[in-house]
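Let's take a walk through this model together, from its domains down to a few odd backbone spots. Keep the viewer open as you read.

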Amino acid sequence: MVDATPHAEQGVPPAEVPELELYHPKSWWTTYVFSQDAKVIAIQYSGTAIAIGLVALVLSWLMRLQLGFPGTFDFITPEAYYQFMTMHGMIMVIYLLTALFLGGFGNYLIPLMVGARDMVFPYVNMLSYWIYLLAVLVLVVSFFAPGGPTGAGWTLYPPQAILSGTPGGQSAGIILMLVSLILFIIGFTMGGLNYVVTVIQGRTRGMTLMRMPLTVWGIFTATVMALLAFPALFVACVMMLFDRLLGTSFFMPALVEMGQQLSYGGGSPILFQHLFWFFGHPEVYIVALPAFGIVSDLISTHARKNIFGYRMMVWAIVIIGALSFIVWAHHMYVSGMHPWFGFFFATTTLIIAVPTAIKVYNWVLTLWRGDIHLTVPMLFALAFIVTFVNGGLTGLFLGNVVVDVPLSDTMFVVAHFHMVMGVAPILVVFGALYHWYPKITGRMLNEGMGQFHFWVTFIGAYAIFFPMHYVGLVGVPRRYPELGDAAFVTDSVHTLNAFITVAALIVGFAQMVFLFNLLWSLRYGREAGGNPWRATSLEWQTPTTPPPHGNWGDERPVVYRWAYDYSVPGAQQDFIAQNDPGPQRAGVRPA
Amino acid sequence: MSVILVFLLVVAGFSFWWLSRHRLMSKPWLEHGVHTALPETDVAGMPTAKIALGIFLAVVGSLFALFSSAYFMRMEYADWQAPPLPNVLWVNTVVLVLASVALQCAVHAAREGRLDMTRLALAAGGLATFVFLAGQLVAWQELSAGGHFMNVNAANSFFYLLTGMHGLHILGGLVGLGRVAAMAWSEEQVTERLGLGVDLCAMYWHFLLFVWLGLFVLLAGWAGDLIAICRQLLT
């Protein structure tokens with residue numbers, strides 16, 4: 001056993017990075033509205049993301065009502081259905097999940113977990129939120145614009161995205177969508193720079209990279225990826241905006257529309273697809289990596305065991321991040337490509353399953369013989385593992401060209417990606433909110449309502465998406481607002497569709513219980529104290545809860561150990577905080 | 001998409017190099033005590049703002065690499081008809097090089113604490129940059145006067161789009177340069193912050209010069225020749 005710390009006895013080495021000069025708010029406005037405190041910004045980000053997410057939830061209900069009971073609702077025309085579908089997808093992926101994981105959890109957790117007083121550029125951080133809010137507002141405006149929002153599908157493929165046959169294509173819808181995305185990317189870049197630089201430069205003494213909680217690793221890597229991948233969407237959006245507004249032909253081929261030759265010519269829709277998916281595939285992991293990190297911490301804390309294979313977990317996160325940039329064309333098998341390319345992208349897609357599987361094994365091995373507490377956050381974390389494995393396995397099917405080609409346009413794909421990047425990350429969002437709510441508010445969320453919320457959501461999500469796999473295997477196409485009387489659409493498909501719709505409505509209403517719980521517990525929740533889960537990482541060791549502006553009082557904490565010293569043999573408590581200078585180590589029995 | 005992949009390979013190489021200096025092989029579960037957050041081998045003195053600018057430039061680099069990738073892919077299509085290269089671009093390139101040189105002089109002057117020289121160099125750099133932007137507008141005018149409008153051909157569209165995007169980034173840089181200049185002309189003694197500000201400006205200008213040279217090669221149509229030569233060398 002080598003003591004890797006030459007300075008351990010000579011006291012604490014000086015901090016490498018000088019203390020941040022905090023901005024001290026002077027009025028109510030600068031404290032709570034135009035705040036530069038990362039924690040307030042985090043809550044603003046989360047609130048906005050959840051609010052717009054509710055819109056997307058309602059849109060999914062409307063789509064399900066149409067699919068389950070076609071023809072019953074007059075106002076859901078095919079055009080409206082496409083608009084609901086587009087907005088649902090775009091909001092959920094970008095304005096909810098990306099913003100919530102990076103803007104919400106990133107802002108709240110990074111400074112606290114690495115022992116910083118705030119983000120390194122608080123003013124830029126504040127701007128980031130306000131630009132994000134502007135992007136959301138532009139998106140909301142498109143609902144009320146003449147012609148309504150765009151109905152081009154969340155991938156916005158040209159040429160149809162800007163043609164008159166698509167809802168919003170020749171009205172303001174698509175323009176507002178593109179402008180909103182461009183704003184989102186600008187705002188995100190501001191925030192993203194903050195998250196990355198804070199991890200690089202803001203860590204407190206003793207917090208080496210390899211002592212950071214996996215949550216920080218996940219958010220950090222995802223942010224680096226997002227910074228490099230979002231420009232692809234930016235490029236695609238700007239060029240499409242030019243095509244739509246200035247008549248250029250980047251993406252637009254020569255077209256005859258309603259018997260009229262359009263002025264476009266020579267452009268390449270495939271070029272857009274390359275750009276879009278060069279962003280789109282990393283985006284999957286931009287959402288998944290923070291979820292991976294958070295789940296690792298939830299499992300370790302609530303199983304009272306150190307995370308299994310911490311190093312491997314860190315490496316897996318980084319390797320997944322790197323690999324995710326060379327798999328994008330597996331979304332384009334049906335667009336046609338050289339067989340060697342298909343082979344290449346199928347191979348890389350399957351390779352990425354290796355580090356992902358390592359992570360799953362490590363979660364399970366962390367649980368193995370752990371002192372598992374089935375708290376609400378833990379339930380959500382466990383549900384995530386199951387769901388992620390489920391969605392990941394169908395991903396292995398779809399990663400192969402020969403399997404993907406027949407399945408690509410069926411509900412099977414809808415089931416796959418909802419499982420893997422819809423339900424799974426959202427379960428982590430819930431788990432994380434139940435876990436960190438006590439730190440944010442000082443009160444526990446109500447356990448009974450939490451259990452109800454969990455079971456209805458978990459079982460309900462499977463009731464929705466599991467049958468969808470079968471519906472897809474039968475050959476039911478996705479993107480169709482109505483199935484009609486095709487022979488391959490059996491009666492059981494119609495029954496299942498109705499069943500899925502009922503399940504979706506129930507799951508949706510269960511989320512209202514959760515929202516009620518968030519508000520109710522603010523006032524009536526049990527007092528949490530500083531560290532209700534007896535967790536080791538720094539955010540639970542703040543002198544006051546909720547942590548004030550500046551987080552740490554007079555002195556920033558000093559870190560003596562990694563974040564996973566649970567159930568250390570010979571220790572007085574079953575956890576040792578990261579800033580506890582005591583001598584015990586995990587895995588080492590005192591002599 | 002080869003340009004962006006090469007660019008990302010460089011970024012990934014740098015990231016892994018950086019990570020490799022952070023004791024990724026250590027076994028944190030066996031460690032106890034206070035480490036320095038950054039190992040001795042690291043450039044611990046690097047100011048936060050500089051690191052942030054470096055990362056931002058990686059984002060900007062990714063953006064232009066993607067634009068170039070799109071350019072190359074769109075070039076393959078039959079309707080591609082590159083516009084003639086306006087001669088004024090040569091002048092513009094020289095002027096932007098001069099701006100970069102001036103800012104580099106400002107860096108040296110600021111390091112040596114010569115305030116007059118710093119001011120002069122900053123002013124010269126700013127002026128040259130404005131001249132560059134004006135020159136770009138002249139190039140646009142020249143093209144459109146010759147009937148090469150934006151929507152005539154995708155090659156024209158790319159010309160306006162790429163130069164415009166580059167110009168916008170220069171404009172953003174000028175805002176930063178303006179703030180540094182205000183610092184240089186203010187009465188207060190802010191030598192250290194001024195030095196950092198000048199450093200950052202120079203870094204940004206050098207990078208945008210590098211981007212411009214890349215775009216120039218692209219727009220002049222030499223990129224295709226370069227690729228052809230590379231292919232010949234490889235086969």
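What follows goes from domains to the chain contact, the core, a helix pair and some single residues.

## Domains of chain A

First, a reminder that this is a predicted model. Chain A comes with two assigned domains: domain 1 covers 32-207, and domain 2 covers 536-591. Measure from centre to centre on the C-alpha atoms and domain 1 of chain A sits 36 Å from domain 2 of chain A.

The two domains do touch, with 12 residues of domain 1 of chain A in contact with 13 residues of domain 2 of chain A. On the domain 1 side, helix 3 (residues 78-114) of chain A supplies the largest share, 4 residues. That side of domain 1 of chain A, the one touching domain 2 of chain A, is made up of 5 nonpolar, 3 polar and 4 charged residues.

## Where the chains meet

Now for the contact between chains, which involves 59 residues from chain A and 43 residues from chain B. If you look at the chain B side, the elements giving two or more residues are helix 1 (2-20), helix 2 (48-75) and helix 5 (154-185) of chain B. Helix 2 of chain B has the largest share there, at 13 residues. Sorted by class, the side of chain B that touches chain A has 29 nonpolar residues, 10 polar and 4 charged.

## The nonpolar core

How many residues does the largest nonpolar core have? The count is 256, and V235(A) and F380(A) are the residues with the most contacts inside this core. Helix 3 of chain A gives the most to this core, namely 25 residues. Both assigned domains take part too: at least three residues come from each of domain 1 (32-207) and domain 2 (536-591) of chain A.

V235(A) is a nice one to click on. Setting aside neighbours within four places in sequence, V235(A) is in contact with L275(A) and with four residues of chain B, which are L63(B), L66(B), F67(B) and A70(B).

## A helix pair in chain B

Staying with chain B, have a look at how helix 2 and helix 5 pack. The angle between helix 2 of chain B and helix 5 of chain B is about 175°, and their axes are 11 Å apart. Anything over 145 degrees counts as roughly antiparallel, so that is the label for helix 2 of chain B and helix 5 of chain B.

Which residues make the contact? From helix 2 of chain B come V60(B), F67(B), Y71(B) and R74(B), and they meet A154(B), F158(B), L162(B), M165(B) and H169(B) of helix 5 of chain B. By class, this contact of helix 2 of chain B with helix 5 of chain B has 7 nonpolar residues, 1 polar and 1 charged. F67(B) is also among the residues in contact with V235(A).

## Two residues in helices

V318(A) is part of helix 8 (residues 310-323) of chain A. Is V318(A) buried or exposed? V318(A) counts as buried because 20 C-beta neighbours lie inside 10 Å. Leaving out residues up to four places away in sequence, V318(A) touches T221(A) and also L19(B). M225(A) is 93 residues from V318(A) in sequence, yet their C-alpha atoms are 9.9 Å apart in space.

I270(A) belongs to helix 7 (residues 269-302) of chain A. With 17 C-beta neighbours inside 10 Å, I270(A) counts as partly exposed. Its C-alpha is 7.6 Å from that of S335(A), and the two residues are 65 apart along the chain.

## Backbone oddities

Two cis peptide bonds are worth a look. One joins P158(A) and P159(A), with omega about 0°, and P159(A) lies in the loop between helix 4 (122-144) and helix 5 (172-201) of chain A. Another joins T545(A) and P546(A), with omega about -5°, and P546(A) falls in the segment after helix 15 (491-524) of chain A.

Then there are positive phi values in residues other than glycine. R479(A) has phi near 70° and sits in the loop between helix 14 (447-474) and helix 15 of chain A. R479(A) is exposed, as 12 other C-beta atoms lie within 10 Å. For S567(A), phi is near 50°, and S567(A) is located in the segment after helix 15 of chain A. S567(A) counts as partly exposed, with 16 C-beta neighbours inside 10 Å.

Notes:
Residues are numbered from 1 along each chain as its sequence is written. Chains are lettered from A and ligands numbered from 1 in the order in which they are written. This is a predicted model: local features need pLDDT of at least 70, side-chain atom pairs count only at pLDDT 80 or more; totals for chains, interfaces and linings use all residues. Domain bounds come from an automatic or database domain assignment. Two residues are in contact if their C-beta atoms, placed from the backbone, lie within 7 Å. Ala, Val, Leu, Ile, Met, Phe, Trp, Tyr, Cys and Pro count as nonpolar, Asp, Glu, Lys and Arg as charged, and the others, Gly among them, as polar. A nonpolar core is a set of buried Ala, Val, Leu, Ile, Met, Phe, Trp, Tyr and Cys residues joined through C-beta atoms within 7 Å. Axes are lines fitted to C-alpha atoms, for helices over the stretch in contact, and angles run from 0 to 180 degrees between N-to-C directions. Angles under 35 degrees count as roughly parallel, over 145 as roughly antiparallel, 65 to 115 as roughly perpendicular and the rest as oblique.
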